[in-house]
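User: Please take a close look at one part of this model, the helix that carries the aromatic residues, and describe what surrounds it. I would like one connected account.

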Amino acid sequence: MPTLQTYRDYHSDATKKVSENTRTLALSAIAIVWLYKVTKPEGGFTLPEELITPLLLVFFALAADFSQYLYGSIAWHIIFRLEEVKLHKGLITEDSNLEGVEPWILYIPYILFYGKTVLVGFAYYYLLTYFLNVTTIRAVTEVTTN
């Protein structure tokens with residue numbers, strides 16, 4: 001029979017994989033948008049207006065991804081340092097069972113986790129909509145010109 005820790009490990013592995021895939025999809029979306037840039041004769045470039053929204057969404061998703069891990073690093077650092085103070089005072093030992101963490105401390109990373117996933121999902125919705133519109137317009141144009 002699996003233990004509760006086994007379920008925690010499954011959950012940790014799954015969320016880690018989702019985070020990796022979300023990050024990869026966000027970076028891929030930036031590359032896809034970059035393919036559709038139009039270089040101006042006078043220099044610089046423009047992007048199709050329809051691709052600005054997905055680009056902003058993946059930017060915010062990457063910011064949420066970074067924030068999730070930054071917050072987690074800081075929060076867990078504070079938590080373990082507080083426990084180390086107790087250790088040095090002799091209140092606990094290295095092998096002590098520690099009390100649980102306040103649940104509200106864990107809410108912020110989950111909000112950022114689900115937020116970045118939703119943002120990337122919406123970004124790909126907008127990208128797919130753009131590609132379908134462009135493909136439909138090109139297909140109709142090619143049929144009518146031939």
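Analyst:

**Helix α3 and its surroundings**

Tyr36, Tyr130 and Phe131 are joined into a cluster by ring pairs. The model is a predicted one, and nine aromatic pairs are found in it. One of these pairs is Tyr110 with Tyr114, which is stacked, with 6.3 Å between the ring centres and 25 degrees between the planes. Tyr110 and Tyr114 lie about one helical turn from each other because they are four residues apart in helix α3. Tyr110 has a relative accessible area of 35% and is therefore partly exposed. Tyr114, at 48%, also counts as partly exposed, since the class of exposed residues begins over 50%. A further pair is formed by Tyr125 and Tyr126: the ring centres are 5.5 Å apart and the planes stand at 70 degrees, so this pair is edge-to-face. Tyr125 has 51% relative accessibility and so counts as exposed, while Tyr126, with a relative accessible area of 35%, is partly exposed.

The cluster member Tyr130 also belongs to the largest nonpolar core. That core has 12 residues: Ala26, Ala29, Val33, Leu51, Leu57, Val58, Ala61, Val120, Ala123, Leu127, Tyr130 and Val134. Helices α1 (4–35), α2 (52–88) and α3 (103–145) each contribute at least two residues to it. The most comes from α3, which gives five.

Val120 is one of the core residues. Leaving out residues up to four places away in sequence, Val120 touches Thr22, Leu25, Ala26 and Ala61. Two of these partners, Ala26 and Ala61, are themselves listed in the core. Thr22 sits in helix α1 and has 8% relative accessibility, so Thr22 counts as buried. Under the same exclusion of sequence neighbours, the contacts of Thr22 are Lys116, Thr117 and Val120.

Leu119 is another residue of helix α3. With 23% relative accessibility it counts as partly exposed, because buried means under 20%. Apart from residues up to four places away in sequence, Leu119 touches Leu57, Phe60 and Ala61. Among these, Leu57 and Ala61 are members of the largest nonpolar core. In sequence, 57 residues separate Leu119 from Leu62, and their C-alpha atoms are 9.3 Å apart.

Tyr124, too, lies in helix α3. Its relative accessible area is 25%, so Tyr124 is partly exposed. Setting aside neighbours within four places in sequence, Tyr124 is in contact with Leu25, Ser28, Ala29 and Ile32. Of these partners, Ala29 is listed in the core, and Leu25 is also touched by Val120. Tyr124 and Val58 are 66 residues apart along the chain, with 9.0 Å between their C-alpha atoms. Val58 is another core residue.

Open space comes next. Rolling a probe the size of a water molecule over the atoms shows where empty space is left. In this model the largest pocket holds about 780 Å³. Its lining numbers 19 residues, and those nearest its centre are His11, Ser12, Trp76, Leu106 and Tyr110. Tyr110 is thus met again, here at the pocket and earlier as the stacked partner of Tyr114. Helices α1, α2 and α3 each provide at least two residues of this lining. The largest share is that of α2, with seven residues. By type, the lining consists of nine nonpolar, eight polar and two charged residues.

The second largest pocket holds about 350 Å³. It is lined by 16 residues, with Ile79, Glu83, Lys86, Glu99 and Gly100 closest to its centre. Here α2 gives the most to the lining, again seven residues. The types are nine nonpolar, three polar and four charged.

To return to α3: this helix gives five residues to the largest nonpolar core and holds the Tyr110 and Tyr114 pair. It also supplies at least two residues of the lining of the largest pocket.

Notes: Residues numbered from 1 in each chain as written. Predicted model: local features only at pLDDT ≥ 70, side-chain atom pairs only at ≥ 80, totals over all residues. Heavy atoms only, no water. Core = buried A, V, L, I, M, F, W, Y, C linked by side-chain atoms within 4.5 Å. Buried < 20%, exposed > 50% of the residue type's maximum accessible area, 1.4 Å probe, protein only. Contact = heavy atoms within 4.5 Å. 1 Å grid on protein atoms, 1.4 Å probe; cavity = no way out; pocket = protein on both sides within 12 Å on 5 of 7 lines; lining within 4 Å. Points joined across faces, edges and corners; volume = space filled by probe spheres on them. Nonpolar A, V, L, I, M, F, W, Y, C, P; charged D, E, K, R; others polar. Phe/Tyr/Trp six-rings, centres within 6.5 Å; stacked < 30°, edge-to-face > 60°.
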